[in-house]
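Dear colleague,

Please find the structure below, as agreed. My notes on it follow directly after.

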Amino acid sequence: MNQPLLQVRQVARSYTLPRETLFGKPPLVHAVQGVSFTLHSGASLGIVGESGSGKSTLARLVMALEPPNTGQVHILGRDMATLGAADLRAARRDFQMVFQDPYGSLDPRQTVQRIVTEPLDAQQRCAPAERRRQAQDVLESVGLRATDLDKYPHEFSGGQRQRIAIARALITRPRLIVADEPVSALDVSVQAQVLNLMQDLQSQFGVTYLLISHDLAVVDHLCAEVAVMFQGRIVEQGTPETLFGNAAHPYTRALLEAVPRMDPQGAGTSRRRTISVLARPQRAEACPYAHRCPNAQSTCDASRPELRALTTGHLVACHFPQNGSSKMM
């Protein structure tokens with residue numbers, strides 16, 4: 001079997017918050033709790049969930065922007081936490097990141113050429129003419145012009161800035177691109193353009209995406225597999241067809257039912273229901289979704305379910321997984 005491109009093993013990350021009282025113990029936020037998954041080349045994975053579910057923290061752990069408290073992240077067999085600064089810098093040729101905000105992620109004082117070639121400069125030394133040629137090639141591959149290299153970010157629209165960010169990620173020809181909400185800050189029409197571009201680049205360069213998003217339609221468009229996160233844990237994982245057509249976890253179903261749908265009576269869009277809010281106190285040993293689940297039973301309050309195979313390729317962390325259609329559209 002081919003070596004996995006990315007292997008995440010029981011990673012956890014907590015953060016200490018400011019003290020609420022002078023002599024009180026600082027509270028902890030458990031952003032990611034024991035997440036594991038494997039990603040092979042060409043099989044892009046989407047991570048979905050509501051705000052605060054731990055998606056962006058997981059992306060930072062994969063990118064080695066911060067270390068996990070426990071667990072391991074392996075990219076092409078290398079444990080990122082054990083690499084020294086020089087080795088980690090060299091390893092970043094194989095994985096790059098596209099950030100959420102196309103306005104804040106580009107330095108307004110730098111030209112497009114300097115922005116795009118920054119990862120290249122950290123990887124290798126080459127003549128200025130060769131560096132510019134590579135920048136021209138990658139800029140044209142994302143639908144911009146070679147003459148744009150001498151411009152500054154303020155001269156571009158939001159969608160064009162995100163194309164520049166994608167070009168910066170592509171210039172080292174990485175195997176993996178971690179995209180954290182890459183289109184959420186863009187208008188809907190521009191979102192479609194950027195998603196189509198990412199899909200074309202996937203076909204052209206063989207890029208594998210770890211796509212972080214709260215938008216189910218976005219991951220359905222790009223990913224071969226989807227993992228749903230809730231309170232720092234993966235609660236369901238499978239193909240888009242399985243999760244969006246036959247979700248087994250009540251939280252996944254709640255996400256799907258919160259998606260706006262066209263009203264069949266012609267009254268525009270509607271929401272079938274919103275995601276439920278806190279209903280009762282939550283015990284530490286309980287299922288993390290028990291306090292919001294309409295189907296919770298005494299077992300759910302007594303023990304936390306582990307992620308297990310429901311069918312081949314379909315994992316769910318639920319004591320009482322549901323059956324039946326849960327179509328998104």
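I begin with a helix that lies against the sheet. Helix 9, residues 250–257, lies across strand 9 (225–230) and strand 10 (233–238), and runs at about 100° to strand 9. Please bear in mind throughout that this is a predicted model.

The sheet

The sheet to which these strands belong is open and is formed by eight strands, in the order 6-7-8-3-9-10-14-13, with mixed pairing. Its edges are taken by strand 6 (95–98) and strand 13 (308–311); each has a single partner strand, so one side of each is left without a neighbour in the sheet. On average, and with direction ignored, neighbouring strands are turned by 25° against each other.

Two of the pairings may be described in detail. Strand 3 (residues 45–48) and strand 8 (residues 208–213) run parallel and are joined by four bridges. Within this pairing, I47 of strand 3 stands opposite I212 in strand 8. At the other pairing, strand 13 and strand 14 (residues 314–316) run antiparallel, with three bridges between them. A309 has L315 of strand 14 as its bridge partner. The two strands form a hairpin with two residues between them, and G313 in the turn has a positive phi of about 80°.

Helices 5 and 3

Helix 5 (residues 158–170) also packs on the sheet, where it touches strand 6 and strand 7 (176–180). The direction of helix 5 makes about 170° with that of strand 6.

Helix 3 spans residues 112–123, and its buried residues are V112, Q113, I115, V116, T117, P119 and L120. Strand 6, helix 4 (128–141) and helix 5 are among the elements that cover these buried residues.

The aromatic cluster

F230, Y251 and Y289 form one aromatic cluster. The count of aromatic pairs in the model comes to three. One of them is formed by F230 and Y251; this pair is tilted, at 4.7 Å centre to centre and with 50° between the planes. Since F230 lies in strand 9 and Y251 in helix 9, the pair ties together parts that are 21 residues apart in sequence. Both F230 and Y251 are buried.

F230 also pairs with Y289: the ring centres are 5.2 Å apart and the planes stand at 90°, so this pair is edge-to-face. Here too distant parts of the chain are linked, with F230 in strand 9 and Y289 in the loop between strand 12 (269–270) and helix 10 (298–302), 59 residues apart. F230 has a relative accessible area of 1%, and therefore counts as buried, the cut-off being under 20%. Y289 is buried as well, at 2% relative accessibility.

Cysteines

How many disulfides does the structure hold? The number is zero. C300 is in no disulfide; the nearest cysteine sulfur is that of C287, at 5.8 Å. Because a disulfide requires two cysteine sulfur atoms within 2.5 Å, that distance does not qualify. C300 is nevertheless buried, with 8% relative accessibility. Another buried cysteine is C223, whose relative accessible area is 7%.

With kind regards

Note on methods:
Residues numbered from 1 in each chain as written. Predicted model: local features only at pLDDT ≥ 70, side-chain atom pairs only at ≥ 80, totals over all residues. Heavy atoms only, no water. Pairing = 2+ DSSP bridges. Axes fitted to C-alpha atoms, helices over the stretch in contact; angles between N-to-C directions. Contact = heavy atoms within 4.5 Å. Buried < 20%, exposed > 50% of the residue type's maximum accessible area, 1.4 Å probe, protein only. Phe/Tyr/Trp six-rings, centres within 6.5 Å; stacked < 30°, edge-to-face > 60°.
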